[in-house]
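Student: I am new to this structure and would like a close look at one part of it, with the surroundings added step by step. Please begin with the part I ask about below.

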Amino acid sequence: MAGDAAEGAARAAGEVLRLLAESDQTLAVAESLTGGMVAAEITAVPGASRSFRGSVTAYATELKHQVLGVDAALLAAEGAVNGRVAEEMAAGVRRVLGASWGIAITGVAGPDPQDGQPVGTVYVAVAGPEVRKTARLWLNGSRAEIRKESARTVLELLSSQLRENARRQDTEQHGGI
């Protein structure tokens, strides 16, 4: 699983950067449980600087509020591991780093549960022009496997959204034909 996830993340990072470059758009990343893994996958691709603005690794819960603007009341009531937090992280990093798109990951890689959530509970989110999308993942495996699969999944979610946006824009430009 870990090898497949790592290879999948590398492929997805390349695809994301290609799609961003084609549309002259940029990306910012907010990470928690992956600790910079997504940013590392992106910057491993030659030419990443054309579209990648940067990242924030907000591992501590208070940084999600202080740096990314996640609602403090939400964090206090629900904890850092939920879909709304992931969505606000993605929107926040997009705003803070001035990017067209923001993606975020928050969750529990283990070894212990967090915020009442079991190990393997992960939320990934994408925020872009007129788009916000969140997905909940229930992952099995080691801490390393959960982190790698989370990185792959958020990049594939963004890739899918970028392709959908490109199709929508193409349809609008050609009168719905």
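How many bridges join strand 1 (residues 27-31) to strand 3 (residues 101-107), and how do these two strands run relative to each other?

Tutor: Before the answer, a word on what is shown: this is a predicted model, in which local features need pLDDT of at least 70 and side-chain atom pairs count only at pLDDT 80 or more, while totals for chains, interfaces and linings use all residues. Residues are numbered from 1 along each chain as its sequence is written, and side-chain values use heavy atoms, with hydrogens and water left out.

Strand 1 and strand 3 run parallel and are joined by five bridges. Strands here are DSSP runs of E with at least two residues, helices are runs of H or I with at least four, and both are numbered from the N terminus; two strands count as paired if DSSP finds at least two bridges between them. Along this pairing, leucine 27 stands opposite tryptophan 101 in strand 3, and alanine 30 has alanine 104 of strand 3 as its bridge partner. Strand 3 is also joined to strand 4 (121-128), by six bridges, but these two run antiparallel; there isoleucine 105 stands opposite valine 124.

Both pairings belong to an open sheet of five strands, in which the order is 2-1-3-4-5 and the pairing is mixed. Strand 2 (52-57) and strand 5 (131-138) have a single partner strand each and stand at the edges, so one side of each is left without a neighbour in the sheet. From one strand to the next, the twist averages 10°, where axes are lines fitted to C-alpha atoms (for helices over the stretch in contact) and angles run from 0 to 180 degrees between N-to-C directions.

In a regular strand the side chains alternate between the two faces of the sheet. In strand 3, Trp101, Ile103, Ile105 and Gly107 point one way, Gly102, Ala104 and Thr106 point the other way, and all are buried, where buried means under 20% relative accessible area, exposed over 50% and partly exposed in between, with a 1.4 Å probe and protein chains only. Because seven of its seven residues are buried, strand 3 is largely enclosed by the rest of the structure. One element of those surroundings is helix 5 (residues 83-97), which lies across strand 1, strand 2, strand 3, strand 4 and strand 5 and runs at about 140° to strand 3.

In soluble globular proteins, nonpolar side chains tend to be buried together. A nonpolar core is here a set of buried Ala, Val, Leu, Ile, Met, Phe, Trp, Tyr and Cys residues joined through side-chain atoms within 4.5 Å. The largest such core has 34 residues, of which Leu27, Val38, Ile42, Ile103 and Leu155 touch the most other members. Two or more of its residues come from each of helix 1 (2-22), strand 1, helix 2 (37-43), strand 3, strand 4, strand 5 and helix 6 (143-173). Another core, of 22 residues, lies apart from it and has Leu74, Met89, Ala99 and Ala125 among its members. To follow one residue of the largest core, valine 38 touches Val29, Glu31, Ile103, Ile105, Ala151, Val154 and Leu155, leaving aside residues up to four places away in sequence; contact means heavy atoms within 4.5 Å.

Leucine 27 also has a neighbour in a loop: with residues up to four places away in sequence not counted, serine 51 touches Leu17, Leu20, Ala21, Gln25, Thr26 and Leu27. Serine 51 is found between helix 2 and strand 2, and is buried, with a relative accessible area of 2%. In the loop between helix 1 and strand 1 lies aspartate 24, which has a positive phi of about 55° although it is not a glycine, and which is exposed, at a relative accessible area of 67%. The loop between strand 3 and strand 4 holds proline 111, and the peptide bond leading to this proline from glycine 110 is cis, with omega near 20°.

Stepping back to the chain, its elements run α-β-α-β-α-α-α-β-β-β-α from the N terminus on, and they come to six helices and five strands. Of its 177 residues, 50% count as buried.
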